[in-house]
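I opened the notebook to look up how the helices pack, what lines the main opening, and where the backbone does something unusual. The entries follow in the order in which I looked.

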Amino acid sequence: MLTDLFTPSVQHWLDIAGIFVFAISGALLGVRKNFDVFGMAVLAEVTALGGGLFRDLVIGAVPPAAFSDLGYFLTPLIATLLVFFLHPEVERITTAVNAFDAAGLGLFCVTGTVKAYGHGLGLTQSATLGLATAVGGGVLRDVLAHEVPSLLRWDRDLYAVPAMAGAALAALLLRYDALHGPAIAVPVVTACGLRLLAMRYHWRAPRAWHRRSAASENGGTTEATRG
């Protein structure tokens, strides 16, 4: 279906671009954690490919694209080398990297949903795998770096919610056989736009109503009341 809007060649390069930006975020976390170049490469690979790998294994698309297309595997290594030598410069353009990351989020949540649906899954299951495609790599990255995954933290701008919205909208359009032509851009732009707005205005998911305690940043507990 995506070929209705993009040629296979264009779609491939959009995938590569998304993989590259996700890999940058993984490698940068490796720098912040003082990992060596191998550790940086591992984080870059799992961030860029983890979500798609999980999706392909679930739907039985084997070998996964991460292993059947050499470009998918090499792109995170190129991103790692870039960050290894130029990480101060890369850190300075964090805003641009975040913008491209939002675009990758929008693209991957839709392509993941479409690919799962094309392999016979229901709409709800397809949207769920679309979400996993977009955010799964980031979860693996944080776990390997011994961090609480960003999408589970209350003090981080919305990330999973925009991907959920994009995947759900893609599933809805699939339901009515409307996900073709320019309409394919609608869920992509929706997810990307929501993520950009969340970063701009620091939108965050609500915590438990009238909660009596809060986990501190270092893992401790402090008493608080929140209405």
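I took helices as DSSP runs of H or I with at least four residues, and strands as runs of E with at least two, numbered from the N terminus. I noted that this is a predicted model, in which local features need pLDDT of at least 70 and side-chain atom pairs count only at pLDDT 80 or more, while totals for chains, interfaces and linings use all residues. Residues are numbered from 1 along each chain as its sequence is written, and side-chain values use heavy atoms, with hydrogens and water left out.

Entry, pocket. I counted as a pocket an open set of points on a 1 Å grid over the protein atoms alone, where a 1.4 Å probe fits, with protein on both sides within 12 Å along at least five of seven lines; lining residues have an atom within 4 Å of a point. The largest one holds about 780 Å³, a volume being the space filled by probe spheres set on points joined across faces, edges and corners. Its lining has 28 residues, and Asn98, Arg141, Ser150, Arg156 and Arg195 lie nearest the centre. Which helix gives the most to this lining? I found that α6 does, with 7 residues, while α1 (8-32), α5 (94-118), α6 and α8 (185-201) each supply at least two. I sorted the lining into 11 nonpolar, 7 polar and 10 charged residues, with Ala, Val, Leu, Ile, Met, Phe, Trp, Tyr, Cys and Pro as nonpolar, Asp, Glu, Lys and Arg as charged, and the others, Gly among them, as polar.

Entry, α6 and α7. Their contact (heavy atoms within 4.5 Å) brings residues of α6, including Leu123, Gly130 and Val135, against residues of α7, including Ala160, Met164 and Arg175. I divided the residues of this contact into 12 nonpolar, 1 polar and 1 charged.

Entry, α5. This helix has 25 residues and reaches 35 Å from its first C-alpha to its last, close to the 36 Å expected, which is 1.5 Å times one less than the number of residues. Just after α5, Gly120 takes a positive phi of about 95°.

Entry, loops. His146, in the loop between α6 and α7, has a positive phi of about 60° although it is not a glycine. I also logged a cis peptide bond joining Val62 and Pro63, with omega about -5°; Pro63 lies in the loop between α2 (37-59) and α3 (65-68).
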